[in-house]
Amino acid sequence: MFLKKNETNLWVIFKNVYRIHFCGYSNKGLNGRMRVLNVAEKNDAAKNIAGHLSGGNLQRREGFSKFNKIYEFNHTFQGSPSTMIMTSVSGHLLGYEFQGSYRSWTSCSPLELFHIPVVKECPNDFINIKKTLVREIRSCNTLVIWTDADREGENIGFEIIDVCREVNPRIQVYRAILSEITRPSVQRAISSLGPPNKNISDAVDVRSELDLRIGAAFTRYQTMRLQKVFPEVLAKSLISYGSCQFPTLGFVVERYKDIQNFIPENFWKIKVHHKIENLDVEFSWQRVRLFDEVLCNILYERCQENPTALVLKVTKKPKSKWRPVPLDTIELEKAASRKLGINAKETMKIAEKLYSQGFISYPRTETNIFPKELNLSNLVQLHVQDNNWGDFAQSVLINGPTPRQGKKSDQAHPPIHPTKYTNGLQDRERKVYEYVVRHFLACLSKDAEGEETIVNIEINGEKFLANGLRIIALNYLEVYPYDKWSNKQIHNYDQGQSFMPTGLEIVDGQTSPPNLLTEADLISLMDKHGIGTDATHAEHIETIKSRLYVGLENNKYFVPGELGIGLVEGYDNMGFEMSKPHLRAELEADLKKICEGTKSPLVVLREQIAKYKDVFIKTTEQVEKLDQSLGKYLRTQPVAFLNNAQHESMAVKNIRKCPVCKQTNLVLKKKQNNQGFFISCTGFPTCRNTYWLPPSVIDAQVSDNICSECSGGIKLVKFQFSARSMRPHYPDTYEGCINGCDSTLCEILQVNMSRSSSSSSSTQRSNRNVITTNQNSGHTRENNVRLPMNNLSRPGSSQNPQPLNNDQVCCQCGNAAKLLTVTRETANKGRQFYGCPKPISANDRCTFFLWADDQPMPTAGPPNTQFNNRNNHQNNNGQMNNPYRARNNQSNSGGQRKCGLCKQPGHTRRNCPQN
């Protein structure tokens with residue numbers, strides 16, 4: 001009775017564990033507590049969110065990724081006592097990639113990249129993160145997404161959802177929206193959960209797929225072509241293209257060309273000075289300047305005739321210097337670049353870290369309006385204790401925060417502001433944090449106040465003016481040293497007063513070109529023209545720098561490199577203006593419509609692919625213009641490249657749909673050593689279906705002609721055979737079908753694409769468990785068959801092949817196969833098999849494999865058996881014509897069979913050494 005009761009309890013425990021870990025059921029019924037998996041975008045964010053929700057009472061444990069910890073604590077979730085599991089990813093968990101062999105640059109024409117299938121999969125670097133999610137979601141029935149509340153964060157959230165639902169399809173999913181990682185904000189987010197936004201995620205998927213297709217097509221094409229056209233300069237260069245990076249480069253090139261093409265003009269102007277004691281007041285000419293020297297001299301001489309100045313009007317009016325509006329991402333990037341000397345990419349990296357640590361609000365925002373519900377006084381109160389700006393913060397509290405509001409709102413996040421006080425930061429982190437704090441306090445203060453004096457005078461009909469400034473109250477400038485405003489003294493003048501100027505002169509000068517772009521200027525242009533988003537501006541700028549398309553002059557101004565200006569000018573000469581922002585701006589507008597739910601993501605994807613594909617085709621037709629432009633700036637002559645439409649010559653033509661996976665296509669390829677051909681599935685490594693052509697095929701090309709016998713649009717293959725090897729059946733050059741309709745050709749080549757090859761079967765999988773040489777650990781047992789000596793040797797082989805005996809198994813080289821035994825600890829241990837007798841290191845060693853116990857006996861009459869997709873036909877005598885067996889030396893008439901090529905006995909034409 002006792003044993004029976006224990007067995008029952010063990011069974012219940014086992015059943016519950018199984019349900020939790022393998023079926024994804026909730027364990028609420030087991031211990032009365034729900035289990036909720038929470039996932040943030042970064043480990044720091046997960047740690048701080050868990051700390052706020054748990055009140056610091058949590059347990060940390062390791063996940064599969066050492067960088068992404070797991071925090072477990074108790075919490076009341078939607079009114080129920082729950083066990084909360086908090087972990088994180090590290091940005092995007094999944095990414096778009098081409099399938100199988102299409103990842104190789106030489107696998108297909110770049111033009112095909114616009115329409116071949118893509119998959120969204122987990123990169124190897126993030127497999128451990130995925131394993132953690134898979135393990136943890138098995139024991140949970142609820143998933144809460146805590147990723148950043150922007151487009152990328154929403155898409156990352158859906159990547160997490162997809163991974164979790166593969167394991168546990170019945171989970172409930174909620175979305176938590178955070179703008180700052182503070183205790184009130186986190187508590188507010190957990191109590192107001194909602195559904196994730198699929199529209200926003202779809203927009204990111206569309207952009208990601210387009211970036212992959214467009215970037216890969218143009219990058220592969222121009223890199224492979226220009227490496228051949230300029231082998232001495234660009235042989236090892238990656239010449240990338242991106243629909244955002246190229247317009248960004250275009251802005252730099254356009255400004256550089258404006259400066260190069262600028263023609264200065266001479267101008268002249270009149271200046272008046274009035275100096276009393278040490279104060280010299282300069283009056284500027286109301287005409288500003290003239291480009292006619294003669295006319296300017298005439299007016300100057302008229303002033304000299306009667307130089308007495310008459311004060312026409314004295315105007316005094318209040319003058320204000322406006323405090324800044326609340327801080328958004330673009331202004332943070334620009335200000336850090338101009339005022340802190342930190343580039344945009346580094347700034348955003350620091351800001352994201354400060355956000356994850358809870359010091360500032362979410363740094364990726366387009367909003368510069370503080371929401372009414374944000375308690376600004378509480379945020380200011382945090383900084384009263386600081387030695388540098390504490391007194392100013394106190395004055396803001398006394399007067400009451402009065403923010404100067406902007407005009408933009410993304411309806412997602414408030415402006416960037418400090419959320420927690422700290423004085424323990426160092427170096428650049430301290431600089432960025434201090435700027436955010438000072439900007440926040442400044443925009444809540446008052447404008448600087450002053451009084452401006454404007455004096456208008458006249459000298460013999462010519463009018464001049466001067467102005468002065470008296471600062472009354474610095475206000476926001478007390479805490480904001482990044483803006484400058486100073487007094488400008490002026491004498492006291494009265495209307496109607498006359499005075500004699502102490503200086504009257506004519507000054508000449510030249511117009512000057514605009515300055516080169518700074519990073520702040522470049523970000524402004526990108527924002528103005530809709531290139532990228534506030535989250536991606538820094539990345540695009542960093543890309544064109546890393547590709548050496550641009551450089552920095554005096555570590556501040558952008559200058560195009562030779563490669564950069566050559567690419568832009570080459571594409572512009574084609575008439576496409578690919579360096580201009582129009583194409584990308586249209587896409588960004590469409591992505592916004594997807595987010596709003598007013599346009600289908602599939603429609604946007606189809607339209608944009610068609611648009612860029614058309615540009616790509618036209619580019620290949622005019623690509624010499626690119627060569628000429630680059631040759632001019634690289635100062636080298638381009639190597640003639642005959643085929644303009646290079647995508648045509650690089651195409652790997654499809655023969656037919658793969659009969660195994662039925663998804664991707666079979667294509668003809670050359671072996672790596674260029675010694676032979678094979679047909680394989682483009683879905684490799686997912687699909688390993690492969691057909692090997694014999695050595696007698698010295699050249700092969702897929703024809704544009706379609707087989708008239710087979711259905712499904714099977715392409716013919718044009719073969720070049722070694723001399724007389726296919727006679728009397730076929731000439732040395734022959735175009736035929738190897739899909740099974742031409743049985744003679746398929747039998748001779750031992751290829752039939754209508755069926756799967758053995759390389760996609762378990763035979764190939766078992767082959768990985770075989771040890772064939774003594775170089776591996778352990779010993780190999782070899783059963784070498786003693787055979788009669790043969791005087792014939794195979795030219796070019798590294799050793800004499802084994803002679804052929806009746807019914808001897810032969811490899812694809814035509815040699816006697818070697819009998820080996822599996823010694824590795826697998827299900828096939830002890831099983832014997834045949835392989836090529838040549839050393840593994842030999843370049844001409846074939847890939848022959850055959851299980852010894854799978855051979856048909858010579859006298860047997862079993863059903864037809866396949867080896868490596870070769871048919872074994874039964875002859876009239878009941879014997880098997882096995883292509884892997886040597887021919888019987890005795891013919892039916894009793895005479896010795898001779899080779900049809902060299903007329904020597906002991907072998908056939910197919911195995912002839914002269915073949």
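Trainee: Which helices do the buried residues of H21 pack against?

Mentor: Keep in mind that we're looking at a predicted model. H21 covers residues 624–634, and its buried residues include Leu626, Leu630 and Leu634. The partners for those buried residues are helix H7 (198–229), helix H8 (231–234) and helix H18 (562–573).

Trainee: And what phi does Arg635 take, just after H21?

Mentor: H21 runs over residues 624–634, and Arg635 comes just after that helix. Its phi is positive, at about 55 degrees.

Trainee: Which helix gives the most to the largest nonpolar core?

Mentor: That core has 67 residues, and Ile49, Phe77, Trp146, Ile360 and Leu441 have the most contacts inside it. With 9 residues, the top contributor is H15.

Trainee: How many residues does the second, separate core have?

Mentor: Leu212, Leu249, Leu591 and Leu634 are among its members. Leu634 is also one of the buried residues of H21. The size of this second core is 65 residues.

Trainee: Are the rings of Phe359 and Tyr433 stacked or edge-to-face?

Mentor: The model has 21 aromatic pairs, and here's how this one is classed. The ring centres of Phe359 and Tyr433 are 6.2 Å apart, and their planes are at 70 degrees. An angle over 60 degrees is what counts here, so the Phe359 and Tyr433 pair is edge-to-face.

Trainee: How many residues apart in sequence are the parts that this pair of Phe359 and Tyr433 ties together?

Mentor: Phe359 sits in the loop between helix H12 (344–356) and helix H13 (376–381), while Tyr433 belongs to helix H15 (residues 427–443). Both Phe359 and Tyr433 are buried. The parts they tie together are apart in sequence by 74 residues.

Trainee: What about Phe719 and Phe721: stacked or edge-to-face?

Mentor: Both of these residues, Phe719 and Phe721, are buried. Their ring centres lie 5.4 Å apart with the planes at 15 degrees, so the pair is stacked.

Trainee: Which ring does the charged end of Lys131 sit over?

Mentor: Don't mix this up with Lys198, which lies over the face of Phe158 at 5.8 Å from the ring centre. For Lys131, the charged end is 4.7 Å from the centre of the ring of Phe64.

Trainee: How many disulfides does a search of the whole structure find?

Mentor: Take Cys661: its closest cysteine sulfur, in Cys681, is 3.6 Å away, too far for a bond. Cys687 is in no disulfide either, with the nearest cysteine sulfur, that of Cys681, 3.6 Å away. The number of disulfides found in the whole structure is 0.

Terms used
Residues numbered from 1 in each chain as written. Predicted model: local features only at pLDDT ≥ 70, side-chain atom pairs only at ≥ 80, totals over all residues. Heavy atoms only, no water. Phe/Tyr/Trp six-rings, centres within 6.5 Å; stacked < 30°, edge-to-face > 60°. Helix = DSSP H or I, 4+ residues; strand = E, 2+ residues; numbered from the N terminus. Buried < 20%, exposed > 50% of the residue type's maximum accessible area, 1.4 Å probe, protein only. Lys NZ or Arg CZ within 6 Å of the ring centre and 35° of its normal. Core = buried A, V, L, I, M, F, W, Y, C linked by side-chain atoms within 4.5 Å. Contact = heavy atoms within 4.5 Å. Disulfide = S-S within 2.5 Å.
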